[in-house]
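Grab a coffee and open your viewer: here is a short set of exercises to work through at your own pace. Try each task before reading its solution.

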Amino acid sequence: MTRTHQDPTPSPWAPVPQSYSHKRNADETLLTSWRRTGPDSFLIGARWPEVHPFYTTRTAGTDPLLFGETIRQCLPTLSHAAYEVPLGHHLLWETYDYELAADDPDDPAGPSGAAAASDRPHDAPHEIVLHADCHDVTRRGTRASAATVRIRALQGDRLIGTATTRFSIQTPAVYRRLRGEYADIAHALERRLPPPIPLAAREAGRSRPYDVVLSPTDIPGRHRLRVDTGHPVLFDHDVDHVPGMLLIDAARQAAHAASPVRPARAVGMTTRFSRYVEFDAPCWVETAPDPAAPDRLLVTARQHDRECFTASVALAAEPAASAPLPLDRCGAA
């Protein structure tokens, strides 16, 4: 039974249906279970893959994109499971800020460990528990229409990272009015531009050109966004605009390309989503020192000379991999 703000009592662990993650491919669903611990507080269990063709899983540090996708899946899951949002409603990302915890290679509860925790739904090396607290929840009737979610992710007793994100929710009818002609997914995809040549994978911090979402230009610090709607992870299902996770990866790749340290990991980001990025026009990604934070890089995505997305990115040297990605998995989805 769905529990609402009118019935805020703690609940037992319940499975997360695949549809709640907004992923079509079951292999890309990261969340496993959830429970309510207070009126707007929750625990969410997640299982990370041991090997994945897109995320970097066998390193001494957490992949920021795997962390980000886990956080993203929490938003529709909480909306549907805890706040009475029907399937088919649209979630609009407004902000996403995260910080990964410093790595401790001697910590037995690190990525290769399996420390026990009493509030974990299971106990395995790649299982994560996310402690989520929702704030500033606005509602239309009984269902939520917007919320800020603060999340602490732990593996056993070890803190992996923290995130704060704000999102809003639109009914299908409101979303169609908001998007206008772009609400027709088939029409939006028909107008997409072919993806330009990728930036060198090493420059972007990737091992495969297929996963590069930037294209080089003749202007230092400027790239063109490379959108390949055939990518099986970034485009798990058809959408009418560039997904937020692709923009986050673009910010990470652009910061890596500008970094004097190679390879570098995006250990923190402060992002703002202000406009949709469409498929039918070039989007330019510009990187410069962040005037508000000297130790960060500011990445800005613009389309039609309008700012669509910004990210202030903190980088750190990438920990060495503990094992290479098997070659026979590179084409898997």
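The exercises below concern a predicted model, and each comes with a worked solution.

**Exercise 1. A strand and its partners**

Task: Find which strands pair with strand E7, and work out how enclosed E7 is.

Solution:
- Start with E4, residues 90–100: E4 and E7 pair in the antiparallel sense over 10 bridges. To find your place in this pairing, look for Leu100, whose bridge partner in E7 is Gly161.
- Next take E6, residues 143–155, which also runs antiparallel to E7 and is joined to it by 10 bridges. Here Ala146 stands opposite Ser168 of E7.
- Now look at the hairpin of E6 and E7, which has 2 residues between the strands. Gly156 in this hairpin takes a positive phi near 65 degrees.
- Finally, check burial with a cut-off of under 20% relative accessible area. Of the 13 residues in E7 (158–170), 10 are buried, so the strand is largely enclosed by the rest of the structure.

**Exercise 2. Checking a helix**

Task: Test whether the length of helix H1 agrees with its number of residues, then inspect its surroundings.

Solution:
- H1 has 19 residues, and at 1.5 Å a residue they should span 27 Å. The expected span uses one less than the number of residues.
- The end C-alpha atoms of H1 are 26 Å apart, which agrees with that expectation.
- For burial, count along the helix: 19 of its 19 residues are buried, so H1 is mostly covered.
- At the N-terminal end, Asp63 acts as a cap, with a side-chain oxygen 2.9 Å from the backbone nitrogen of Leu65.
- After H1 comes Glu84, which has a positive phi near 60 degrees.

**Exercise 3. Aromatic rings**

Task: Classify the pair formed by Phe42 and Tyr83, and say where its two members lie.

Solution:
- A pair of aromatic rings is described by the distance of the centres and the angle of the planes.
- The search of the whole structure finds 10 aromatic pairs. In the pair of Phe42 and Tyr83, the centres are 5.9 Å apart and the planes are at 70 degrees, making it edge-to-face.
- Phe42 is in strand E3 and Tyr83 is in the loop between H1 and E4, so the pair links distant parts of the chain, 41 residues apart.
- Phe42 counts as buried at 2% relative accessibility, and Tyr83 is buried at 5%.
- Elsewhere, ring pairs link Phe67, Trp93, Tyr96, Tyr98, Phe273 and Phe309 into a cluster.

**Exercise 4. Following the charges**

Task: Trace the salt bridges of Arg191 to Glu181 and Asp280, then see what Arg179 contacts.

Solution:
- The structure has 15 salt bridges in total. One of them joins Glu181 to Arg191, with the closest N and O atoms 2.8 Å apart.
- Glu181 lies in the loop between H2 and H3, and Arg191 in the loop between H3 and H4, so this pair ties together parts that are 10 residues apart in sequence.
- Both ends are partly exposed: Glu181 at 48% relative accessibility and Arg191 at 29%.
- Arg191 also meets Asp280 in a salt bridge, at 2.8 Å from N to O. That pair links distant parts of the chain, since Asp280 sits in the loop between E10 and E11, 89 residues apart from Arg191.
- Turn to Arg179, which is linked with Asp240 and Glu278 in a network of salt bridges. The charged end of Arg179 sits over the ring of Tyr276, 4.3 Å from its centre.

Conventions:
Residues are numbered from 1 along each chain as its sequence is written. This is a predicted model: local features need pLDDT of at least 70, side-chain atom pairs count only at pLDDT 80 or more; totals for chains, interfaces and linings use all residues. Side-chain values use heavy atoms; hydrogens and water are left out. Buried means under 20% relative accessible area, exposed over 50%, partly exposed in between (1.4 Å probe, protein chains only). Helices (H or I, at least four residues) and strands (E, at least two) are DSSP runs, numbered from the N terminus. Two strands pair if DSSP finds at least two bridges between them. Rings of Phe, Tyr and Trp (its six-membered ring) pair if their centres lie within 6.5 Å; planes under 30 degrees apart count as stacked, over 60 as edge-to-face and the rest as tilted. A charge sits over a ring if NZ of Lys or CZ of Arg is within 6 Å of the ring centre and within 35 degrees of the ring normal. A polar contact is a pair of N or O atoms within 3.5 Å; within protein, one must be able to donate a hydrogen and the other to accept it, and residues adjacent in sequence count only if both atoms are side-chain atoms. A salt bridge is a side-chain nitrogen of Lys or Arg within 4 Å of a carboxyl oxygen of Asp or Glu.
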